[in-house]
Amino acid sequence: MEVQHFSHQHPLVLTEEPSHESEKVYCAGCGELVSGPSFRCVDCGFYLDKQCAEAPSELNHPFHRDHNLELLVSPIYPGSDGLCGLCGKSCNSPFQELKAKCFACWKPLSDSVYLSLDSGFRLHKKCVDLPAEINHFCHTQHPLVLQFNSKDVPCQICKSTQGRGFGLVYFCSSCEIGLHVASVDLATKINHLCHRKHPLILQTVNKSLACQICQETKEDGSVYYCSICKFALHIECASPSPPVIEHKSHQHTFVLFWRHVSFVCDACGTPGKFESYICSTCGIILHKKCISLPLTLRQPKHYEGPISHTYFLGQYEIESWECRICHLEDVNSEHGGYYCSDCNYVAHVNCAIQDYNWYEFDKPEINDENLEDDSALLPPYSIIKESKDGENVVATEIKHFSHDHNLVLSNDMSDDKYCDGCVLSIFTCYYGCSECGFFLHKSCAELPRKMHLWFHSHPKLHPHTVDRIFRCESCDYESSGFAYTCNLCYMHYCLRCALVSDNPICEGHEHRLPCYKYKALCNACGVSSDWPFRCKGCNFALHCDCLTLPLTARHKSDEHPYKLTYHDNKNYPASNYCDICEEERNPNLWFYHCAICDNSAHPICVLGKYSFTKLGRICRLGDHPHPLTFVQKVHYYPECLICGKPCLDISLECKKIGCSYIVHWECIKPHPFGTTTTIRLLSKDEANEAD
């Protein structure tokens, strides 16, 4: 029998069985293995099983009565030329946006689907005749009815959700229990090579069981389970694995190898059981998931460039095998890992992958830092005057991008001055504007206009932001200083936090303090931290907030600067009190101390809430017609015009002659004042123009 099918250019001949029993052929319509009668093209090896060949070219479906569904025989995905499989043009069709999934089982569409070109409703051919009602072991009280997914209810088998409004589900409206169409097709009993003693039954178990293949544990969901042996397999792990895998990461083919004993994966260095893939040429054995490990990974903590994967770490001369990400265990040099041979950087595979997945990288096609705007390459200032200091050339007058006037290098420490960049006291040389009272530490003036922040999830160059009041995302202090700001999520980081490296040094400890996940008590404040900066050898840990404490700080209670002190050598109890709040102080924790006056204080008492908001800065806020200046009254305390209480704390005051407007900063600032809220500050020139 010979037919001319609309899906193929040549005649098709009816064949009762494939020509050779050993030959595996697949239906071009449904993609399934052909096992019965089929139609075959003798010229090009095209097969259609009998059911697919007899499928109507058009039908009406009860879930989409407005339009007929047409049988589409060409792929709906874009081809290698990037053209749409529907219209043959480059387009932004809804099918591409949804990655062309079947409305019933929510799996990717095969080559042959039923589709409404008018509305985009689409079904696999095999999903067209789904039963309208089923009984299932996961819900024996009532039948489950096929319906549109109108409620975002997790599937009783896989525990995932398709998203409200997407696809069809089997649902019990009385109990609000749902089941994905794809889950209905799962076999309830299987025999598996890794457990030959007994069949494995698909069931929901209340206790957490580790899958014997992937060694991972899921808190809920169904597994294939042997209750006699307490043996469990995840549904996806129990699915048949391909006997052979070829991947661009390796020059040879990997072959499936079942082994009833444990092994250590040569790619990641962690144990595995039962299912493995081997390369007999290279003598390596891998987890299935490790075959597709990326050859290189971008690692924002590794500034020198991407790190590379190898199966043979021992061939490289690494000075220290401690994992540079977790810092808890050494990397096994007998197996694989990620490394940089130039700088002796090495990391566990799982640590590197987990760390990489935390960052939200751009898509590869747009991830080109050469496309960053030119401001990233511009120096922060231009040199107006310079002089020689021995062999060094020093810029003595500069024009900084953050200020309208030239800044002159100075060593004058006669008055209390605060840097407008980091808002810390100035005790070293600085650049200043005598006209505006604007000052920058020399080191702050030299900071780049854009910077990578290793601790932020968007690993881009973050621009230098000036002239803003903001709340730092890291330390939570409000600041009037400079910030590095993410243009994607609008989070701001003050200079003190932005400049902390992932492996910093600190005056309070002799060794470097890498940052990694570990629950420890902070040696500075005594509070527990989940991500401390920690010296493993000394069991010494610090919060980021404590690591960035200013080495010196001023407070109105003492005419001299306080110095950050790490140990209290006094052994008499009377000294263990804070001279600001007069509460007891733990002598084993860090504190600020003035040796001249013998005053000691808690760090929080010295710094307060507004240590990083510079007095004298000007802004416009509220409905007051004039610019307002940040002040803190010392000798008299006028009443706040909003709450009526004395202005003891930082306030905003109108400096215009004849205007007595003053309000607490807390009373007038936006609420909530979150990490994405900012208030623009005015320069003195702008303030004078506004008056």
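# A tour by strands, rings and loops

Select strand β18, residues 254-264, together with β19: the two pair in the antiparallel sense over eight bridges. This is a predicted model, so treat every value on the tour as computed from that prediction.

**Stop 1: the four-stranded sheet**

Widen the selection. β18 and β19 belong to an open sheet of four strands, in the order β17-β18-β19-β20, with antiparallel pairing. Colour the edges next. They are β17 (244-245) and β20 (284-286), and each pairs on one side only. Strands of a sheet pair through backbone hydrogen bonds, either parallel or antiparallel.

**Stop 2: E275**

Now pick E275. It sits in strand β19, residues 271-279. Look across to W258, which stands opposite E275. Is E275 buried or exposed? E275 is buried, yet it has no salt bridge. The nearest side chain of opposite charge belongs to K288, 5.3 Å away. A salt bridge needs the charged atoms within 4 Å, so the 5.3 Å to K288 does not qualify.

What does the side chain of E275 make a polar contact with? The partner is the side chain of S241, at 2.3 Å. Show the rest of the surroundings too. Leaving aside neighbours within four places in sequence, E275 is in contact with I213, S241, L256, F257, W258, F263 and K288.

**Stop 3: aromatic pairs**

Show the aromatic rings. The structure holds 16 aromatic pairs. Zoom in on F231 and F274, which form an edge-to-face pair: 5.8 Å centre to centre, with 70° between the planes. This pair links distant parts of the chain. F231 lies in strand β16 (residues 231-234) and F274 in strand β19, 43 residues apart. Both F231 and F274 are buried.

Go on to W358 and Y359. They too form an edge-to-face aromatic pair, at 4.9 Å centre to centre and 85° between the planes. Which of the two is buried, and which is partly exposed? W358 is partly exposed because its relative accessible area is 46%. Y359 counts as buried because its relative accessibility is 5%. Add Y356 and F361 to the selection: Y356, W358, Y359 and F361 form one aromatic cluster.

**Stop 4: a hairpin**

Select strand β9, residues 133-136. Its covered face holds I134 and H136, and its uncovered face holds E133 and N135. In a regular strand the side chains alternate between the two faces of the sheet. Add strand β10, residues 139-148. β9 and β10 pair in the antiparallel sense over three bridges. A hairpin of two residues joins β9 to β10. Find E133 again: its bridge partner in β10 is V145.

Step back to P131. It lies in the loop between β8 (122-124) and β9. P131 counts as partly exposed because its relative accessibility is 44%. What does P131 touch, not counting residues up to four places away in sequence? It touches L146 and Y170. P131 and Y170 are 39 residues apart in sequence, and their C-alpha atoms are 9.8 Å apart in space.

**Stop 5: the seven-stranded sheet**

Move along the chain. Seven strands form an open sheet in the order β33-β32-β48-β44-β45-β46-β47, with antiparallel pairing. Its edge strands are β33 (478-479) and β47 (662-664), each pairing on one side only.

Pick β45 (residues 628-631) and β46 (residues 651-654) from the sheet. They pair in the antiparallel sense over four bridges. Label V631, and then S651 in β46: V631 stands opposite S651.

Now select L621, in the loop between β44 (618-619) and β45. L621 is buried because its relative accessible area is 12%, and buried means under 20%. Not counting residues up to four places away in sequence, L621 touches L628, L652, W665, I668, K669 and I679. Measure across to L681 as well. L621 and L681 are 60 residues apart in sequence and 9.9 Å apart in space, C-alpha to C-alpha.

**Last stop: the whole chain**

Zoom out. The protein has 11 helices and 48 strands. Of its 691 residues, 46% count as buried. Among contacts with a separation of 6 or more, 48% are between residues 24 or more positions apart.

How values were computed. Residues are numbered from 1 along each chain as its sequence is written. This is a predicted model: local features need pLDDT of at least 70, side-chain atom pairs count only at pLDDT 80 or more; totals for chains, interfaces and linings use all residues. Side-chain values use heavy atoms; hydrogens and water are left out. Two strands pair if DSSP finds at least two bridges between them. Buried means under 20% relative accessible area, exposed over 50%, partly exposed in between (1.4 Å probe, protein chains only). Lys and Arg count as positive and Asp and Glu as negative; His and the chain ends are not counted. A polar contact is a pair of N or O atoms within 3.5 Å; within protein, one must be able to donate a hydrogen and the other to accept it, and residues adjacent in sequence count only if both atoms are side-chain atoms. Contact means heavy atoms within 4.5 Å. Rings of Phe, Tyr and Trp (its six-membered ring) pair if their centres lie within 6.5 Å; planes under 30 degrees apart count as stacked, over 60 as edge-to-face and the rest as tilted.
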